[in-house]
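This report describes the overall fold of a protein, then its salt bridges, and then the surroundings of one residue. The sequence and the structure are shown first.

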Amino acid sequence: MLKQIIAATLLTAGIALAAPAFAQGPAGATIAETAKGKTLVDAKGMTLYTFDHDMSGQSNCIAACAKNWPALPAAADAGAKGDWTVITRDDGSKQWAYKGKPLYTFVKDGKPGDITGDGLANGAWHVATP
């Protein structure tokens with residue numbers, strides 16, 4: 001209760017509080033609780049995934065794969081932020097990666113918290129975890 005009162009007082013005074021180490025990542029990514037536990041999500045709350053066939057810092061999800069698994073886009077001038085890095089895809093676009101693993105959403109996830117892509121393609125897709 002005391003923490004909440006102090007936080008409210010500081011915010012009212014215009015003083016921002018220090019956020020946890022992973023309060024918000026690039027492109028608005030955050031951590032959310034899903035059926036798989038703590039999971040990385042994009043700014044809309046949609047689950048982020050990693051792909052076993054990717055190499056560290058390189059996406060191997062191209063063409064038809066990329067239509068079903070859109071990359072988490074990074075701005076052309078985006079730069080690394082801690083465990084977050086930016087990779088260049090085969091088409092020249094930029095994509096966010098976490099701890100070297102490129103990140104994707106899944107087109108069949110209909111709402112925040114859905115994890116319908118986890119385990120697909122013979123177990124090659126996984127929810128991204130912090």
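A salt bridge is counted here when a side-chain nitrogen of Lys or Arg lies within 4 Å of a carboxyl oxygen of Asp or Glu. By this rule the protein has three salt bridges, and it should be kept in mind that the model is a predicted one.

**Overall fold**

The protein contains three helices and eight strands, which follow one another along the sequence in the pattern α-β-β-β-α-β-β-β-β-α-β. Of its 130 residues, 35% count as buried, while the exposed surface comes to about 7600 Å², with carbon and sulfur atoms supplying 57% of that area. When contacts between residues at least 6 apart in sequence are considered, 56% of them join residues at least 24 apart.

**Salt bridges**

The table lists the pairs with the distance between nitrogen and oxygen.

| Acidic residue | Basic residue | N to O distance |
|---|---|---|
| Glutamate 33 | Lysine 38 | 3.7 Å |
| Aspartate 118 | Lysine 36 | 2.9 Å |
| Aspartate 114 | Lysine 111 | 2.9 Å |

In the bridge between glutamate 33 and lysine 38, glutamate 33 is exposed, with a relative accessible area of 56%, and lysine 38 is likewise exposed, at 53%.

Aspartate 118 pairs with lysine 36, their closest N and O atoms being 2.9 Å apart. Because aspartate 118 lies in the loop between β7 (101-102) and α3 (120-123), and lysine 36 in the loop between β1 (30-34) and β2 (37-41), this pair ties together parts that are 82 residues apart in sequence. Lysine 36 has a relative accessibility of 49% and therefore counts as partly exposed, since exposed requires a value over 50%.

The bridge between aspartate 114 and lysine 111 joins a buried residue to an exposed one, because aspartate 114 has a relative accessible area of 15%, whereas lysine 111 reaches 51%.

**Threonine 50**

Where in the fold is threonine 50 found? Threonine 50 belongs to strand β3, which covers residues 49-51. Its relative accessible area is 10%, so threonine 50 is classed as buried, the cut-off for that class being under 20%. If the neighbours within four places in sequence are left aside, threonine 50 is in contact with Lys101, Pro102 and Leu103, and also with Ala124, Trp125, His126 and Ala128.

Note on methods
Residues are numbered from 1 along each chain as its sequence is written. This is a predicted model: local features need pLDDT of at least 70, side-chain atom pairs count only at pLDDT 80 or more; totals for chains, interfaces and linings use all residues. Side-chain values use heavy atoms; hydrogens and water are left out. Helices (H or I, at least four residues) and strands (E, at least two) are DSSP runs, numbered from the N terminus. Buried means under 20% relative accessible area, exposed over 50%, partly exposed in between (1.4 Å probe, protein chains only). Contact means heavy atoms within 4.5 Å. Accessible areas come from the Shrake-Rupley method with a 1.4 Å probe; for residues, only the protein chains shown count as cover.
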